[in-house]
Amino acid sequence: MNLHEYQGKEILASYGVTIQRGKVATTAAEAVAAAKELTEETGTGWHVIKAQVHAGGRGKGGGVKLAKNLEQVEEIAGQIIGMDLVTPQTSAEGKRVHQVLVAEDVYEPGEVEVEEFYMSVLLDRAQGKNMIMYSTEGGMDIETVAEETPHLIFTETIDASHGLQGFQARRIAFNLGLSGKAFKEMTKFVAALYNAYVGSDSALFEINPVLKASDNRIIAVDCKITLDENALFRHKDLAAMRDTREENATEVEAKAVG
């Protein structure tokens, strides 16, 4: 079962993962109100308007745009809500956008250079163990990175009987070239991310990008989460997040009749 970005971020935040904060809106007017509230809460002056559909590559299809004032928030949200968004992961007809996430701008310049990383948690079926896959090449399709620069992809296999160990989180931060405060923040981020993956009985976490902000905070800017449907009986709250509008109508009907 796939989740929207805003739903995935709710799960991450509940486990202590630092996220790019945002609010959901279903109309342009709601988007403006959300932007105002977000500015009061975070101090952000610019806002990122993100289409909420179950598909990657939203930016390439025009589903992720930056608004530098409230007028642009209203204009962009009005353009995205109701559009049929076509991405590399949708059909030629695209997916209808019913809502947007109005998010804070976390790319402000500061004392250090901003960097983007890739990170995912998933099952390594060959070994029967969970695995963290990560790379310094954040923001890019991981398939492209694997094809063109495979030496920039790292993996960390986790023994379920012991869980993620501290030295493994530190090794991830080291391989990403971090030091000082950013190193410490990344080790905390990795530990919280893995706890969220296990605690939610997920099949896939993909955070692309993981951002090292200009103040050395480590932030989940985007997230793709797939839950294990076989475990949803343990998570009634997560099962309630299902958005059948994003699923194949025939499969939805089949599930309804068992």
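In this predicted model, Asn216 counts as buried because its relative accessibility is 12%, and a residue is called buried when that value is under 20%. Asn216 is placed in the loop between strand S10 and strand S11, the latter spanning residues 218-220. The backbone of Asn216 has a phi near 75 degrees, which is a positive value in a residue other than glycine. A positive phi is also found at Asp201, where the angle is near 50 degrees and the residue is again not a glycine. Asp201 belongs to the loop that joins helix H6, residues 180-199, to strand S10.

Strand S10 itself covers residues 202-212 and contains Pro209. The peptide bond leading from Asn208 into Pro209 is cis, with omega near 10 degrees. Both Asn208 and Pro209 are in contact with Phe117, as are Ile207, Val210 and Lys212. Beyond these residues, and with neighbours within four places in sequence left aside, the contacts of Phe117 are made with Ser135, Thr136, Gly138, Leu176, Leu178 and Met186. Phe117 is part of strand S7, which runs over residues 115-124. With a relative accessible area of 1%, Phe117 is buried, since the cut-off for that class is under 20%. His162, by contrast, is separated from Phe117 by 45 residues in sequence and by 26 Å in space, taken from C-alpha to C-alpha.

Towards the start of the chain, helix H1 comprises residues 5-14 and is mostly covered, with seven of its 10 residues buried. The buried residues of H1 are Glu5, Tyr6, Gln7, Gly8 and Lys9, together with Ile11 and Leu12. In an α-helix there are 3.6 residues a turn, so residues three or four places apart point the same way. After H1 comes Gly16, whose phi is positive and near 90 degrees.

Helix H2, which spans residues 28-42, includes Ala29. Ala29 has a relative accessibility of 54% and therefore counts as exposed, the limit for that class being over 50%. The C-alpha atoms of Ala29 and Tyr118 lie 34 Å apart, and the two residues are 89 places apart in sequence.

Taken as a whole, the protein contains eight helices and 12 strands. The radius of gyration is 18 Å, which agrees with the value near 18 Å that a compact globule of 258 residues would have. Along the principal axes, the C-alpha atoms fill a box of roughly 55 × 50 × 35 Å. Of the 258 residues, 45% are buried, and among contacts between residues at least 6 apart in sequence, 63% join residues that are at least 24 apart. The protein exposes about 12,700 Å², of which carbon and sulfur atoms supply 49%. There are 26 positive and 39 negative charges, and the mean positions of these two sets are 4 Å apart.

An unreviewed UniProt entry annotates residues 2-210 as "domain: ATP-grasp fold succinyl-CoA synthetase-type". Within the model, residues 2-210 are 35% helix and 26% strand, and the C-alpha atoms at the two ends of this span lie 20 Å apart.

Note on methods: Residues numbered from 1 in each chain as written. Predicted model: local features only at pLDDT ≥ 70, side-chain atom pairs only at ≥ 80, totals over all residues. Heavy atoms only, no water. Helix = DSSP H or I, 4+ residues; strand = E, 2+ residues; numbered from the N terminus. Rg over C-alpha atoms; globule rule 2.2 N^0.38 Å. Buried < 20%, exposed > 50% of the residue type's maximum accessible area, 1.4 Å probe, protein only. Contact = heavy atoms within 4.5 Å. Areas by Shrake-Rupley, 256 points an atom, 1.4 Å probe, with all protein chains shown as cover. Lys, Arg positive; Asp, Glu negative; His and termini not counted. Charge placed at Lys NZ, Arg CZ, Asp CG, Glu CD. UniProt positions renumbered as here; feature names shortened; annotations may be inferred.
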